[in-house]
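Got the viewer open? Grab your mouse and let's take a walk through this structure, one selection at a time.

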Amino acid sequence: MPDATGLELVAQRVRSAVSEDAVVDTLHAYGGATLEVKPDAVHDVLAHLRDDDDEPYEFLSTLHGCDYLPEEPRLGVHYGLLSMQRRERLAVKTRLGTDSPVLRSVVDLYPTASFQEREVYDFFGVQFEGHPDLRRILMPEDYVGYPQRRDFPMGGEPVLFTFNEHELPRWYD
Amino acid sequence: MTDNPGERTRSALKVPYREREESVTASEMAGLDPPAAATDYEFEPEAELLTINIGPHHPATHGVLRLLCTLEGETVLDLEPIIGYVHTGIEKSCEDQEYWKAITFVERMDYLAYYFNSYVYCSAVETLLDEEVPPRAQYLRVIHMELNRIASHLFWLGTAALDIGAMSMLWWALRERDGFLDLFEMSGGQRLHTRYFQVGGVAEDIPPGFEEKARKIIAGMPARIDQYEALLDRNEIWLQRMKHTGVVSREEMLALGVTGPLLRASGEPWDLRKAMPYCGYEQFDFNVPVGTVGDNYDRYRVRLEEMRESLKIAEQALDGLPEGPYITTNRKVALPPRHELATSMEALIHHFKLVTEGFRVPPGEVYKAVESPRGELGCFVLADGSAKPSRVHMRDPSFVNLQSLKRMGEGSLIADFIASVAMLDPILGGVDR
């Protein structure tokens, strides 16, 4: 892991390579380093960290979303980068509102992001521009709503049986 | 060409399958002229594509995995895994449980590697709490995780060999796996989903007789693994179906985010136990088996060697098992011992508070990763200061590794592709969560 100073240096290099306001915040906690970036700069930052940085991160180990309710902006998307050469991890995260969350897809940089971006879209409703096949992945394709958001109720969904299938709305839609 | 019939058969097998298929027609075999209508019908077998659906209920898909394959003859041109059939919303359910109750949920994701699931979740919560784990608990965790890795690989070996048609392997492998499950039953009371790991340590100390039995099983296992090798490695069918099938290069594996035995079989010596040691793995002496070709045979060899290395680690951990408490003495996190409840008021209060409300975790977020039998198993926990996690996300290796299936299958025969599914070892409970 980059230490607190190393993280500031990474942030400095990203600022000079991508844009001055790309990095919103740096956070060093629990032995891990996190770089918070603006949503529209995510693709450029990851492209820089993968190819051009002095300390490159060639492996995307994880990509996941979370909901920071009641904070604003609510949604967060985390990219867990890994350098197998230096044995270092760096988390890049970005925060989005729930109105029209759009991010640029990183599938062209890291093909592994394909399934994981679909999962974030499925559960949090984040649109990934440029994803080759952005569909729901774990929920049914005709499902309405984004179940991992914190304001989505727990349970309460009727279970479909033969005796009650005609009583349930949307069943024949 | 010799007159030896066995030699003739072997050399005939070296002709690519499609050529042999085209060289025989029904009319030639019956000594008849082809029917007249067939001459003016232009049949182009190369242009005919067939889309078939394998699964979700198919024994070769190891669960409820659905594969949409486009075939040309027997060659797979395109395939798409369709998942979500056993999605049960475990991550969402965890948000409604206290931290210590969520352990039960996360164990049920990758149902063959339950100790790893609970370990990675507990270690994430321990990091957020800044809770120290006693050395004895760490050793006990290592012992159980390594035994679990062998049990998981044994189950993989049995079912993978079953897919190839080596049916007897299933009974051999499951017989040995039963011994490991007996050990888990001794320490945790359950054979599967033991919920043995707690935040701050393990639920109970190992009972008398556990160490003796574990040593007996560990001492007997290398001979068993030799037997598996003797059964499979000298089997012509096994070798022909494993060697040079499903080859994926190291670079492609890295781009697809594949970790674990699949990546190591392609030649990248990446093992989190060595690279970023956790839970005291730096104290143990073991090797990381690596393949060279990246085909199905290498994947099989790497897993078999991993079982041997895991035996070494478990034995070293049993040898060096330190004395001391098996769970943290912090009463705000761990339940007090049963005998204290009768005499100590504080113990009763702590017990009541923990069971009714659970413990609160200060706000923060953390990502922890361990080497599960299938690769990097990561856990992201977001705490908001209450007694329930705000978000638990599992980066399951099966889910990410499944993306490499398309690369393994494209251009191969459908039978080789089924072998690749078996060697990929996806656990659909972990894929769908």
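What follows is a string of stops, each with something to select and a note on what is there. Before you start clicking, keep in mind that this is a predicted model.

**Stop 1: chain A on its own**

Hide everything except chain A and colour it by secondary structure. You should be able to pick out 3 helices and 7 strands. Walk along chain A from the N terminus and the order reads α-β-β-α-β-β-β-β-α-β. Turn chain A around to get a feel for its extent: along its principal axes, the C-alpha trace spans about 65 × 30 × 25 Å. Chain A has 173 residues, and 38% of them count as buried. Now think about who touches whom within the chain. Taking contacts in chain A between residues at least 6 apart in sequence, 50% join residues at least 24 apart.

**Stop 2: a loop with two cis bonds**

Stay in chain A and zoom in on A:Pro70, which sits in the loop between S3 and S4 of chain A. Check the peptide bond leading into it from A:Leu69: that bond is cis, with omega near 5°. Now slide along to A:Pro73, which lies in the loop between S3 and S4 of chain A. The peptide bond from A:Glu72 to A:Pro73 is cis as well, with omega near -15°.

**Stop 3: where the chains meet**

Bring chain B back into view. How many residues does the contact take from chain A and from chain B? Chain A puts in 26 residues and chain B puts in 30 residues. On the chain A side, select strand S3 (59-67), strand S4 (75-83) and helix H3 (113-124), each of which supplies at least two residues to the side touching chain B. S3(A) gives the largest share of that side, with 7 residues. If you colour the chain A side by residue class, you get 15 nonpolar, 9 polar and 2 charged residues.

**Stop 4: the nonpolar core**

Next, look inside. The largest nonpolar core has 158 residues, and among those with the most contacts inside it are A:Val45, A:Val92, B:Val106 and B:Tyr121. Helix H7 of chain B, residues 135-164, gives the most to this core, with 16 residues. For a view from one of the well-connected members, centre on B:Val106. Leaving aside neighbours within four places in sequence, B:Val106 is in contact with B:Ile90, B:Cys94, B:Asn117, B:Ser118, B:Tyr121, B:Val392 and B:Met394.

**Stop 5: a sheet in chain B**

Select S6, S7 and S8 of chain B. These 3 strands form an open sheet in the order S6-S7-S8, with antiparallel pairing. Strands S6 (364-372) and S8 (391-395) of chain B stand at the edges with a single partner strand each, so one side of each has no neighbour in the sheet. Look along the sheet to see the twist, which averages 15° from one strand to the next. S7 of chain B, residues 375-383, pairs with S8(B) over 5 bridges. Want to find a particular pair? Try B:Phe380, whose bridge partner in S8(B) is B:His393. Then add helix H6 of chain B, residues 114-129: H6 packs on the sheet and touches S6, S7 and S8 of chain B. The direction of H6 makes about 150° with that of S6(B).

**Stop 6: two helices crossing**

Keep H6(B) and show H7(B) too. Their axes come within 8 Å and cross at roughly 140°, so the two helices count as oblique to each other. Show side chains for B:Tyr115, B:Phe116 and B:Tyr119 in H6(B), which meet B:Arg141, B:His144, B:Met145 and B:Asn148 in H7(B). By class, this contact has 4 nonpolar, 2 polar and 1 charged residues.

**Stop 7: loop residues in chain B**

Click on B:Asp130, found in the loop between H6 and H7 of chain B. B:Asp130 has a positive phi of about 60° although it is not a glycine. Is B:Asp130 buried or exposed? B:Asp130 counts as exposed because it has 9 C-beta neighbours inside 10 Å.

Jump to B:Cys279, in the loop between helix H13 (272-275) and H14 of chain B. B:Cys279 is not a glycine, yet has a positive phi of about 55°. With 18 C-beta neighbours inside 10 Å, B:Cys279 counts as partly exposed.

Finish at B:Thr329, in the loop between helix H14 (296-319) and helix H15 (345-356) of chain B. B:Thr329 counts as partly exposed because it has 13 C-beta neighbours inside 10 Å. For your last click, draw a distance from B:Thr329 to B:Lys353: they are 24 residues apart along the chain, and their C-alpha atoms are separated by 16 Å.

How values were computed
Residues numbered from 1 in each chain as written. Chains lettered and ligands numbered in written order. Predicted model: local features only at pLDDT ≥ 70, side-chain atom pairs only at ≥ 80, totals over all residues. Helix = DSSP H or I, 4+ residues; strand = E, 2+ residues; numbered from the N terminus. Buried ≥ 20, exposed ≤ 12 C-beta atoms within 10 Å, placed from the backbone. Contact = placed C-beta atoms within 7 Å. Nonpolar A, V, L, I, M, F, W, Y, C, P; charged D, E, K, R; others polar. Core = buried A, V, L, I, M, F, W, Y, C linked by C-beta atoms within 7 Å. Pairing = 2+ DSSP bridges. Axes fitted to C-alpha atoms, helices over the stretch in contact; angles between N-to-C directions. Parallel < 35°, antiparallel > 145°, perpendicular 65-115°, else oblique.
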